[in-house]
Structures are given as C-alpha cells and as structure tokens.
Amino acid sequence: MVLQIYGLLPLATAAAVVLVGLADLFYRNDKAAAYAVGTLFAALSIEGIFFLEFAASPLRLGILYITPFTSFFMVLFGAALLMVTMLSSSHSDKFSRFALLSGFVSVGIILVISGTSLIELILALELISISTSFLILSGGKKRVEAATKFFILGGLSVSIFTFAMALLFQGNPSLSIAPMQPGLLTGIAVLVSILFAVALSFEASLFPFNLWVPDVYEGSSTDVTALLAGVNKKVAFVVIFEVFFVMLSAYRSEFSGIFALLSIITMFFGNIIALVQDNVKRMFAYSAISQAGYITIGLAVGTAFGLESSMFQIFAHTFMIIGAFAIVAMLESKNIKTYREYSGLFYRSKFAAISLSLIMLSMAGIPPLIGFDGKLFLFSSAVSSGMVYLAVIGIINSLISIYYYIRLMGFMFTEKEGRKLNASRTTIAVVIISLFAVVVLGIYPTPVLHYAALASSFL
Amino acid sequence: MQVIQALLILAFAAPAVGLMATLALGQRRSKGTGIASTAVSLVLSILILSSFLSSGKAATEGITYIPQLNIGFSLYAYPISVVLLLMSSIVFFAAAAGGNVKGIKYKGSVSLLLLFQVAATGLFLSGNLLMYFIFWDIGVIAAYFMISALGTGGRRRSGMKFLIYSFAASVLLLLGIIMLYYYSPAVSGLHSFSIPYLIANASSIPDGIQTAIFALLFVAFMIKMPVFPLHSWMADAYADAPTEGSMLVSGVLSKFGAYGMLLLFLMLPIAKNYSQYVFALAAVSTFYAVFVAMRQTDLKKVLAYTSMAEMGIILAGIASLDQIGISGAIFGMLAHGVTIALAFLVAGSVEMMFGERNLALLKGIGRSAQVPSYMFIIAILGITGMPLTAGFIADLLIFIGAFGAFGLYGLIPLAAIILMGSYLYFFVEKSFFSHGPSSPHEFSIGALQKFSYALLAGSVFIIGSLPFLILNAINLLKVL
C-alpha cells in the first residue's frame, strides 16, 4: 500500500507543477513560482533515483506502470526540465506561461514513460506537443512560423500514428503495451513498423522527417529550443522503445533494417548540413539531428546492449545539448549569433568559451567526455552484433562532425579583445550541471550505464 | 603492493597534480611549477626503469571501473613502456625548461605541456587499448591547442590540418580496437582490452577479420608516425608549432604511432604476411622524406622531414619482426625522441635569436650563437647514427634485424641515412658556419635553455655510450 502511494508520487509532482503554474497566473509572483517549479522538477528527478535504488520491482497502478525504465527517464527528464526551468526563469516576464505549460509537458512525460496502452501514449504525446506549440509561441523572433510548423507536423505525426494503431488493432485486438505474439501481424508487420517509425521520426527528428527542426529551433527562444532538443525529442525515443521494443519485439528482424536506414541517412544529413552553417544555433540544431542518428544505431542493433547504449546516449545528449543552448542563449542575448561573432569569445568570457568547448568536444566524441562513452557503447554494440557497417558509418560521421565543432572553437580562441561578458547565475548553474555530466560521468560512466542496463532489462 | 606499482601510480599522478597546481597558481609561478613537475616525472621514470630492471618482470596495477564491459584503468610496466616513459620524461623536462623563452602566455603553455604529459604517461603506461585510445585523443587535443593557440605563422590552418588527420587516425583506431575487442576470445563471457591478454590471444581471430583490423590500425598509426603518403600534416604542424610544441609533437606524439605500430605487429600474427610490403613502404617513406628535406629552406621543415625519415627507419625495424630489429626499433624511438627534441630546440633558439628560420638568410650564425650551433652538430650526429650517440645503437640493431629478415634488401634504407647525413653536414656548413658577415641577433639564450641543451645532449651521449642500461630492459621483452 505504501509503495502504491509512492507510485503515485511522480504524477502528483507533475500535477503540482500545473497547480503552481495556475497559481502564478493569478498571483504573478514569478520568482516564487520559478523556485517552486524548479524544486518540483528536482524532486521528480530524486524520486526517480529513489525508485531505481530501492524499488526495483515493477509497480502497476491503473494506467501507470512504474518500472526501472520509467525511473531512469524520470531522473533524466526531471533534471532536463529543471535545467530548462532555470534557463527560462531569467525571462521573468514570460515565466508564468512557462510554469503552466511545462507542468502540462511534465504530466505528459510521466504518462508516456509509465504508459500502459497506446491510447494513453497518443493522448500524452498530444498533451506534450500542444503545450510545446504554445511554449514556442511565447517568444522568439519567428515564433508564429515556428509554432505553426511544429503544430502542423505534430498533427501529421499523430494522424500517422493513429493509422498505424488502427492497422495494428486489426491483427492484435488489444492496445496495451505488452509483447505481442509473433505471427499475429502476418504480411503487415513491415507496413505497421514503417508507419510507426515515420510517425515517431517527426518528433525524434530523424531524416527525412526533420526538415522542420532547424527552422523551429532557430525561430523559438533558446530556452524553448533547449526543451525541444533535450526533452521532446527524447520523449519520442521513449515511445519508440515502448512501441517497437515492447509491443513489436517479436518482429525485431522486420524493423531493424528500417532503423539502420534511418540512422545512416540522419547522421549524414545532420552532419553534412551542419558543416555549412553560419549561425551557431542552427549548427547545434543540425548537430542534434546527427546525434539522433547515433542514438538510432542502438535501435537498429536491437540487442540488450544496443538499447542500453541508446539510452546512455539519450542521457548524455540531453545534458550536452541543454548546456550548449544555455551558453548560446546567454550569447544570443548579447547579440552574438554567427561563427564570426563568436571570435575572441575566450578573451571576453573564459567561462563560456571553455564550457562550450568541453561540451562540443564531448559531442564530437572526444574521450574522456561523456559523448565519447556513448559513441563507444553504440559502436561496440554494432560491432558485437555483426553490424560493423553501422559502426563504420558512425565513425565516418564523427570525423565529419569534428570539423564544424573545431571550426567554432578556432573562432572562439582567436585573439581579439572585446567587452567582457558576464553570465547570469542561472546560466552558470545550468552549465555546471551539464559539465558535471559531461566530465564526471564521462570519466566514470558506470552508474549511468548500470541504470540504463537495468532500465532496458524491463522493456 | 610492490614498490614498482606505487611508482607507476606516482608517475601517472605527477603530471596531473602538476597540471592542477599550474591551473590553481598564478601566471608567474607556472614556469617553475612546470619545471618542478616534469623534473619529478623524470626522477620517477628513472626509478621505474631501475626497479623494473632489478625485478625483471612486468608489473601491472589497475582497477576495473566499467565491469559490464570489463573496461578498466590499468598501468602496465614492461620493456617498451618503461623505455618510452623515460624518453618522454626527458623530452618533457627539456621542453618545460627550454621552451617558451619569451614568456608568452606562460600559464597556457605550461598547462598544455602538462596535459600532454598526462596523455603521454597514460598512453605509454596504459595496460589496455581503450586507455591507450583515450590518452591518444587527449594528447591530440593538447597538441592541437599548442599549435593553434601558441604557434607561429599559419598556426590556425596547420592546427586544423593536424587535427583532421589526427582524428581520421583516431576514428580508425577506435574502430580497430573495438573489432579487436569483440573478435578476440572471451573469458567467461567477458571480452578484454588488456594489452597482454590481446598479445597472447589475438592469434585466434579469423584471418579475414585480422586483415581488416590490421588495415585499420596500420593506416591509423601510419598517419601518426607519419609514414608516406599520409604525412602531409606533418611539415606544417612541426613548423608552425612553438618550440616546445615542435619538440613534443616530433619527439613524443610521433611515438604514439610508433608504439602502436609495434603493438600491432606483436599482436596480430597476420602482420607477418605483410611485413615485406611494410618494409618496402618504410624504405620508400625514408627516401621520400630525405629527398623532400633537401628541397626545404625552412630550418624546422628540414628537421620535420629528417624526423619522418627516422620514423621510416623505425618502421623498417618493426617490420623486420626479429628480436634484434624490434629491440632496435624500441631503442630508435628513445634515440629519435631525444635527438629530434634537441634539434627542434636549436631551431627554436635560432628563431628567437635571429627572428628567422630561412636557411638562405641565416649566415654565419655559428659565431654569434655558438651553443645552439654546436648542439645542432650533436643532434645531426645523433640523427645520422654516429658511434657513441644513441642513434648509432638504434641503426645498428635495426639494420642487423632487417638484414636478417630481408637479406641485402634490408640494407637499402641505409643509403637514405647516408644521403641525409651528407646533406645535413653540407647545409650546416653552408648556413651555420658560412664565412662572411654574420646575421644580426637580438636575444641570447639563458641559463634554463643551456640546461635544457645539456640535458638532451647528455642523454644522446649517455644512452649512446652506455646502451646496456636500456638494452637490458628491452631484452626482457620475450614475447617473440
């Protein structure tokens, strides 16, 4: 009984964020609201750690099914939302909107990561996607365009998802997320897989369904961009885990090729387009696309180790990209946007230049940072199951990506004097959390890998 | 825990502690910190060598920190690593004392030097290939910043070129070691990156896979050594790096590749099938480097290509796959490291004193810059392998090995050395000791630089005249 009350805690915490957001609409005390929302997200993360440590047995509570898989992503998304909240709290004029909408997003996330049926998943996804559309609308230069693109493509994605569900239902008269018997989907397994993959590729930003990403990332304010790259995209991967590796797990051989293809074209697309970017934010948008491609390598491999590596990389990239966008946001507010404007950054703000360099080196996969560990595990999983070509392509892409990261670093370390730039305290805090993950968990990745393994064993 | 294991841990920790101290202390104390830290490392590496010689067996010390994949951090003292550690600590000490004389960006330059030393110590002492790879990349990053932030001339472009080549090498290396890991036999379900384990067990990998791994790793190490035709990053990087950067990149970083090449040949039995082609490549690379060196006008570029020629000779020794040839290659790495560092230190001094590296414009500097000029003669003696210098023992052993393995063909690269030697003497005579008015100079060298010269030149002669100090250690390598 006590455990069941604990099991309701995550949803209650997420609901409390909504209440704080509502209260803030009336009382307009943004500072207090920011502290409350931040604390609640931190609590969400800590609850996840608690479940991982002490309650490893799964817990079923009506529409919630709490397993270590849920807890792993609770830790991750709790921390990610906390970081985004901190970034957002510096725009105090817009915080009340953020508090309410991020509350809805977090409720959606809890429902997705502990979902028991496809209906629940689709409702939760819609909740997240609509709240995010409004968040995009709340700031940024080209916000209407960005929000419209995001909304329309989100709608398209949901309709394809629904169509796939309908096809699935014909063979398997149950929509609960539980392993299906093999042989039920005779003839349509590949079609169903393709439709689900397409629907989820929109959100997970896999090529060719990611063309909206750079425009939306560039058009919205940078804290929302961090939310899109750090949270929304990763939620889509959680859904991929649940749909493909739980429900359709018997059809692994049918869909493995789809993910291999998606991963290869996504990596090449992201990296090659990122090469020619001039705007740093757009470069990170494309680099985030290529990172989604790396994550997909683990899905294509599909073994326990492959999934574990994907989860590790999801964890790693969330912290890296939010840290990167925190610095990009700080510089953007000083009107520093293009590669050229970044020149001499080291002499204007050592903090920004060194942190951003570490994060970019990590994204490029330089040891001993966390991005290297993720790539090491992913490429190892590919080699271990005989898909050496995926490792080769991944490695070629790492090499391409070095160029654009190092090019930016070259600008940052050019000697050029300029006015000193000061970072706000919240930015520094977010970047320090991110650097903790990048450096400390990069050198000692064992706990994350351990919990990722635990999580993937409950798929 | 035995003494040598404690020493191994200390040797790895020393540069790391030095690095943190440098970062914590101010700009003015960094030079002293750097010199003190590298001096401690040198003492420790001599102690490791002597305690290794007295115990006479390999020692390891390590922990496993990713048990799921059997990935650990381990330090491993065996003949190759002990000798290379000694070489690198000599070069680092000399670079810390003699480099960056003008005192530009002390803190940055000392921090990068110590970061590089962390990487080199970790790499040479590493007991597993994953750590080898990790330290390799850290070394590359440190060298990149040395070139592009502290260098001269077209440093940004040279640094970028260096980095792109280096990362091409490192991704090939990563793929190669992952394949080596998975295709080697597992013990109770766990594979291993451990170097001794792989040397003992890699022979059971199927031939096709072995060939693929060999190709990947061979290209990676070729880039790093460098060997023709993948050397085009080298001349620019060596020339545009600051003095200590040139010393370290040519003396230490090139050994990352040579050490890896040696491990590759010791590890994969398939290497035997390709050894004659590798030898031919080494010979071509040597001749190519010598001929290109003759066309250079920049002092540092001449030295860069002589360094490449020497690496070709070392590769020839490795390819001989013969006990004596391999010993020669290990000895050659030691000799080449200290000799080329001495030569680049001279280039740095000359550039500082005369503001010029162009050989056509440096006339009669032997009179106004006596110490560097005579030190340069010593370096050339070492490079060409005159008796009593370290290079002599290396060349002797390498060519005995090569003769044993390839017969008379094995002696072909010797012609390149003779050619290179005669050219170097010729150009020293023409530029350093030419008659006529001497170039004007602005600076003179200080006590620390003189000390650095003495250290390197002393090493060249001590190692060359008392080779058994090192050969006793190398002879313990009974893996063949």
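This is a short talk on the pockets, cavities, chain contact and a few backbone details of a two-chain structure.

Hi everyone, and thanks for coming. Before anything else, please keep in mind that the model is predicted.

Let me start with how the chains meet. Chain A brings 35 residues to the contact, and chain B brings 29. Between them, about 2,700 Å² of area is buried, with carbon and sulfur atoms giving 81% of that. And how many salt bridges are there between chain B and chain A? The count is zero.

Now for the enclosed spaces. There are 12 cavities of 30 Å³ or more. The largest cavity has a volume of about 110 Å³. It is lined by 16 residues, and the closest to its centre are A:Ala364, A:Gly365 and A:Ser398 from one chain, with B:Val171 and B:Leu174 from the other. If you would like to find this spot by its helices, look on chain A for helix 15, residues 370-384, and helix 16, residues 388-412. On chain B, look for helix 5, residues 129-150, and helix 6, residues 155-183. Each of those elements gives two or more residues to the lining. By class, that lining has 11 nonpolar residues, three polar and two charged.

The second largest cavity holds about 80 Å³ of space. Its lining is made of chain B residues, including B:Lys31, B:Gly34, B:Asn100, B:Tyr106 and B:Glu244. Helix 2 (30-55), helix 3 (79-98) and helix 4 (106-125) of chain B each supply at least two of the lining residues. Which of the helices has the largest share of this lining? That is helix 4 of chain B, with four residues. By class, we have five nonpolar, four polar and two charged residues here.

Let's move from cavities to a pocket, the second largest one. Its space comes to about 590 Å³. Of its 27 lining residues, A:Ser221, A:Thr222, A:Ala329, A:Glu332 and A:Ser333 are the closest to the centre. The elements of chain A that give two or more residues to the lining are helix 8 (213-219), helix 9 (222-247) and helix 12 (304-332). Helix 12 of chain A gives the most, with four residues. The lining divides into 13 polar, nine charged and five nonpolar residues. So where does this pocket sit with respect to the domains of chain A? Domain 1, residues 1-116, and domain 2, residues 117-457, both give residues to the lining, so the pocket lies between them.

To finish, some backbone details for those of you who like to scroll through the loops. In chain A, the peptide bond from A:Pro367 to A:Pro368 is cis, with omega near 0°. You will find A:Pro368 in the loop between helix 14 (350-364) and helix 15 of that chain. Chain B has a cis peptide bond from B:Met225 to B:Pro226, with omega near -10°. Here B:Pro226 is placed in the loop between helix 8 (207-224) and helix 9 (234-240) of chain B.

One more residue, back in chain A. A:Asn335 is not a glycine, yet its phi is positive, near 65°. A:Asn335 lies in the loop between helix 12 and helix 13 (345-348) of chain A. Helix 12 may ring a bell, as this helix of chain A gives the most to the lining of the second largest pocket.

Thanks for listening!

Notes: Residues numbered from 1 in each chain as written. Chains lettered and ligands numbered in written order. Predicted model: local features only at pLDDT ≥ 70, side-chain atom pairs only at ≥ 80, totals over all residues. Heavy atoms only, no water. 1 Å grid on protein atoms, 1.4 Å probe; cavity = no way out; pocket = protein on both sides within 12 Å on 5 of 7 lines; lining within 4 Å. Points joined across faces, edges and corners; volume = space filled by probe spheres on them. Nonpolar A, V, L, I, M, F, W, Y, C, P; charged D, E, K, R; others polar. Domains from an automatic or database assignment. Contact = heavy atoms within 4.5 Å. Buried area = accessible area lost by both parts, 1.4 Å probe. Salt bridge = Lys/Arg side-chain N within 4 Å of Asp/Glu carboxyl O.
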